[in-house]
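Here is a set of short questions and answers on one protein structure. Each answer sets a value against a rule and then concludes.

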Amino acid sequence: MSEQTERSFQKQEAVFLNAKSVSKKNNRWYKDIGLGFKTPAEAIEGTYIDKKCPFTGNVSIRGRILSGVVVSTKMKRTIIIRRDYLHFIPKYQRYEKRHKNLAAHLSPAFIGVEAGDNVTVGQCRPLSKTVRFNVIKHQKKVVKGSKQFQKF
Amino acid sequence: RIHEVRVRGGNKKFRAMRLDTGTFSWGSEAISRKARVVAVVYNASNNELVRTNTLVKGAIVQIDATPFRQWYENHYAQILGKKKRLSEEEAAESPANKQRSRHLQRTVAARKGNVEQALDEQFVSGRLYAIISSRPGQSGRCDGYILEGKELDFYVRKIRSKK
């Protein structure tokens with residue numbers, strides 16, 4: 001009930017809510033995005049509605065798959081990722097550090113994403129002015145020396 | 001009034017300037033009927049569009065209920081909108097109990113129709129709440145579906161809180 005925060009009724013396009021015979025209690029549509037990526041349990045069991053989610057919404061992942069480090073999570077359902085790389089200067093035969101920032105849509109299926117985490121993003125159609133990628137996998141930052149097991 | 005627009009690729013778009021009817025579906029009964037659009041009642045994006053009665057995708061409108069009531073009474077032989085029965089006993093009897101062959105009578109008796117409370121009340125007033133799901137500025141048509149269940153509760157609450 002709490003996911004109806006907008007002024008229009010939030011629902012999944014693919015699900016028809018008013019069928020006379022109630023088949024199962026949680027009528028939720030989700031999909032497998034392919035390329036060997038597992039769809040998270042939260043996407044299947046959760047109750048959020050997000051049309052831009054790669055698992056429960058109307059976007060397809062195709063094209064490039066990139067990864068990076070999360071820089072900020074302050075936007076609503078989207079994050080900024082930083083991708084570092086080395087650029088070669090032929091004259092001096094040395095490298096220099098460069099980076100590019102990337103805005104990616106973060107589905108509510110991924111909970112507990114913080115700055116510093118590693119994230120894999122897949123290309124999709126333009127979702128807003130700068131967002132063309134969608135988060136498809138999330139690995140928490142490994143704290144060195146900590147005795148806690150971090151899922152790799 | 002519908003204007004034709006030539007678009008990229010030599011194709012056509014139909015820009016609807018004024019519309020008064022559209023085909024609306026009754027989801028749980030799986031039928032569609034052409035109905036008259038009466039007024040725009042709610043728009044999630046802009047109240048101005050409600051005041052000016054602008055038809056856009058996602059706008060909540062009131063439609064004429066008679067095509068759906070007629071279909072229901074023919075199909076299920078039950079009367080919709082309980083309050084009306086008290087006043088017009090004789091007239092309402094005929095669609096519900098018209099002459100049917102014995103075969104038809106049996107098939108009709110086997111069907112059970114039950115409409116939810118909120119929908120039934122709307123039939124009394126003769127106006128149903130529906131949402132437009134086509135894009136009148138692109139296709140030139142105003143089609144949609146009748147609101148039921150949770151969606152209906154949501155929008156009715158929004159409309160009431162506005163007034």
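A salt bridge is a side-chain nitrogen of Lys or Arg within 4 Å of a carboxyl oxygen of Asp or Glu. Keep in mind that this is a predicted model.

Q: What makes Asp117(A) and Lys140(A) a salt bridge?
A: The closest N and O atoms of Asp117(A) and Lys140(A) are 3.5 Å apart. The cut-off is 4 Å, so the pair qualifies.

Q: Where in the chain do Asp117(A) and Lys140(A) lie?
A: Asp117(A) sits in the loop between S3 and S4 of chain A. Lys140(A) belongs to the segment after strand S5 (133-139) of chain A. They are 23 residues apart, and the pair links distant parts of the chain.

Q: Why is Asp117(A) called buried?
A: Its relative accessibility is 2%. Buried means under 20%, so Asp117(A) counts as buried.

Q: Why is Lys140(A) called partly exposed?
A: Lys140(A) has 32% relative accessibility. That value falls between the limits of 20% and 50%, so Lys140(A) is partly exposed.

Q: Which residues are linked in a network of salt bridges with Asp117(A)?
A: Glu114(A) and Lys140(A) are linked with Asp117(A) in this network.

Q: How do you know that Asp50(A) and Arg77(A) form a salt bridge?
A: Their closest N and O atoms are 3.5 Å apart. The limit is 4 Å, so this pair also counts.

Q: Why can the pair of Asp50(A) and Arg77(A) be said to tie parts of the chain together?
A: Asp50(A) lies in the loop between helix H1 (41-45) and strand S1 (65-75) of chain A. Arg77(A) lies in the loop between S1 and strand S2 (78-89) of chain A. The tied parts are 27 residues apart in sequence.

Q: Are Asp50(A) and Arg77(A) buried or partly exposed?
A: Asp50(A) has a relative accessible area of 5%, under the 20% limit, so this residue is buried. Arg77(A) reaches 35%, between 20% and 50%, so Arg77(A) is partly exposed.

Q: Why is Ser107(A) called buried?
A: Ser107(A) has 1% relative accessibility, under 20%, so the label fits. Ser107(A) is found in the loop between strand S3 (94-105) and strand S4 (118-123) of chain A. Beyond its neighbours within four places in sequence, Ser107(A) is in contact with Tyr48(A), Asp50(A), Cys53(A) and Pro54(A).

Q: What makes Arg51(B) and Glu48(B) a salt bridge?
A: Their side chains meet at 2.7 Å, N to O. That is within 4 Å, so the rule is met. Both residues lie in helix H1 (residues 47-51) of chain B, 3 residues apart, about one turn of the helix.

Q: Why is Arg51(B) called exposed?
A: Arg51(B) has 66% relative accessibility, over 50%, so this residue is exposed. Glu48(B), at 39%, lies between 20% and 50%, so Glu48(B) is partly exposed.

Q: Why is Leu119(B) called buried?
A: Leu119(B) has 1% relative accessibility, under 20%, so Leu119(B) is buried. Leu119(B) is part of helix H6 of chain B. Its contacts beyond four places in sequence include Trp26(B), Leu128(B) and Ile146(B).

Q: What makes S3(B) and S4(B) paired strands?
A: They share 6 bridges in the antiparallel sense. Pairing needs at least two bridges, so S3(B) and S4(B) pair. One bridge partner of Phe24(B) is Arg33(B) in S4(B).

Q: How do you know that S3(B) and S7(B) pair?
A: There are 2 bridges, in the parallel sense. At least two are needed, so the rule is met. Phe24(B) stands opposite Gly144(B) in S7(B).

Q: What do the side chains along S3(B) do?
A: They alternate. Gly22(B), Phe24(B) and Trp26(B) point to one face and are buried. Thr21(B), Thr23(B) and Ser25(B) point to the other face and are not buried.

Q: Which strands make up the closed barrel of chain B?
A: The barrel has 5 strands and runs S3-S4-S5-S6-S7, with mixed pairing.

Q: How many salt bridges join chain A and chain B?
A: The count between the two chains is 0. Still, 10 residues of chain A are in contact with 19 residues of chain B.

How values were computed. Residues are numbered from 1 along each chain as its sequence is written. Chains are lettered from A and ligands numbered from 1 in the order in which they are written. This is a predicted model: local features need pLDDT of at least 70, side-chain atom pairs count only at pLDDT 80 or more; totals for chains, interfaces and linings use all residues. Side-chain values use heavy atoms; hydrogens and water are left out. Helices (H or I, at least four residues) and strands (E, at least two) are DSSP runs, numbered from the N terminus. Buried means under 20% relative accessible area, exposed over 50%, partly exposed in between (1.4 Å probe, protein chains only). Contact means heavy atoms within 4.5 Å.
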